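Work through the exercises below with the model open. Try each task before reading its solution.

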Amino acid sequence: MKSSAPKQTKKVSKPKKVVVNLQRERADGKHGIVGMLSHNGKHLAYTLELEWNDNKARRSCIPAGEYEIKFKSWGGYYERYRRRFENHEDGMIEITGVDGRSHILIHCGNRPKDTAGCVLVGVKADSNKSILYQSKMAYEKDVYPYLKELLNKGKVFIKIS
């Protein structure tokens with residue numbers, strides 16, 4: 001019996017790493033940090049975070065770096081947002097893998113007092129006053145649907161700089 005050589009198979013390429021960028025604009029130690037969230041050159045929203053405070057939970061922004069984002073489908077924010085917004089069954093967008101921190105979400109809010117170490121999103125920003133405007137609109141129309149689509153395709157990371 002003659003053995004046949006195995007047929008050549010197509011190369012399987014690794015899935016492309018999906019990275020969303022959060023570029024921080026200003027950090028003066030007095031107010032919040034305004035930034036921009038984008039993916040492949042597409043502007044998604046302005047962001048607002050707390051100032052750096054040694055990575056203290058609920059009192060600091062997270063360190064610059066790259067972190068995986070995932071769905072979080074439990075907890076108070078999840079329950080409130082599931083009732084508040086359509087198509088929110090998959091969960092909140094959570095930034096994971098931050099040393100010593102957990103439950104870091106991307107959500108609605110306008111001022112530093114609206115965040116406890118999370119990332120807020122808005123359509124417009126005033127970096128002098130550390131205020132976001134039209135946060136609900138940015139979250140509901142731009143950020144959440146876009147990130148949800150990416151997450152439903154595979155792993156997604158956020159690079160904060």
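**Exercise 1. Classify H103: is it buried, partly exposed or exposed?**

Step 1. Take the cut-offs: buried is under 20% relative accessible area, exposed is over 50%, and partly exposed lies in between (1.4 Å probe, protein chains only).
Step 2. H103 has a relative accessibility of 38%, so H103 counts as partly exposed.
Step 3. Locate the residue. H103 sits in the loop between β5 (92-96) and β6 (104-108). Strands here are DSSP runs of E with at least two residues, helices are runs of H or I with at least four, and both are numbered from the N terminus.
Step 4. Check the backbone. H103 is not a glycine, yet its phi is positive, about 60°. Most residues other than glycine have a negative phi.

Two notes on the source apply throughout. This is a predicted model, in which local features need pLDDT of at least 70 and side-chain atom pairs count only at pLDDT 80 or more, while totals for chains, interfaces and linings use all residues. Residues are numbered from 1 along each chain as its sequence is written, and side-chain values use heavy atoms, with hydrogens and water left out.

**Exercise 2. Repeat the analysis for N55: where is it found, and is it buried or exposed?**

Step 1. N55 lies in the loop between β3 (42-49) and β4 (65-72).
Step 2. Its phi is positive, about 60°, although N55 is not a glycine.
Step 3. N55 has 15% relative accessibility, so it counts as buried.

**Exercise 3. How many salt bridges does the structure hold? Work through three examples.**

Step 1. Apply the criterion: a side-chain nitrogen of Lys or Arg within 4 Å of a carboxyl oxygen of Asp or Glu. The structure holds five.
Step 2. Take E66 and K17. Their closest N and O atoms are 2.5 Å apart. E66 lies in strand β4 and K17 in the segment before β1 (18-24), so this pair ties together parts that are 49 residues apart in sequence. E66 is partly exposed, at 36% relative accessible area.
Step 3. Take E79 and R82. Their side chains meet at 2.8 Å, N to O. Both lie in helix α1 (residues 76-84), three residues apart, about one turn of the helix. E79 is partly exposed at 30% relative accessibility, and R82 is partly exposed at 39%.
Step 4. Take K153 and E149. This salt bridge spans 3.4 Å, N to O. The two residues are four apart in helix α2 (residues 135-153), so about one helical turn separates them. K153 is exposed at 65% relative accessible area, whereas E149 is partly exposed at 47%.

**Exercise 4. Place strand β2: which strands pair with it, and how many of its residues are buried?**

Step 1. Two strands pair if DSSP finds at least two bridges between them.
Step 2. β1 and β2 run antiparallel, joined by four bridges. One contact to find is N21, whose bridge partner in β2 is S38.
Step 3. β2 and β3 are also antiparallel, over seven bridges. Here L37 has A45 of β3 as its bridge partner.
Step 4. Follow the turn. β2 and β3 form a hairpin with two residues between them, and N40 in the turn has a positive phi of about 50°.
Step 5. Six of the seven residues in β2 (residues 33-39) are buried, so the strand is mostly covered.

**Exercise 5. How many disulfides does the structure hold?**

Step 1. Look for a pair of cysteine sulfur atoms within 2.5 Å.
Step 2. The structure holds zero disulfides.
Step 3. Check two cysteines. C61 is buried at 2% relative accessibility, and C118 is buried at 7%.
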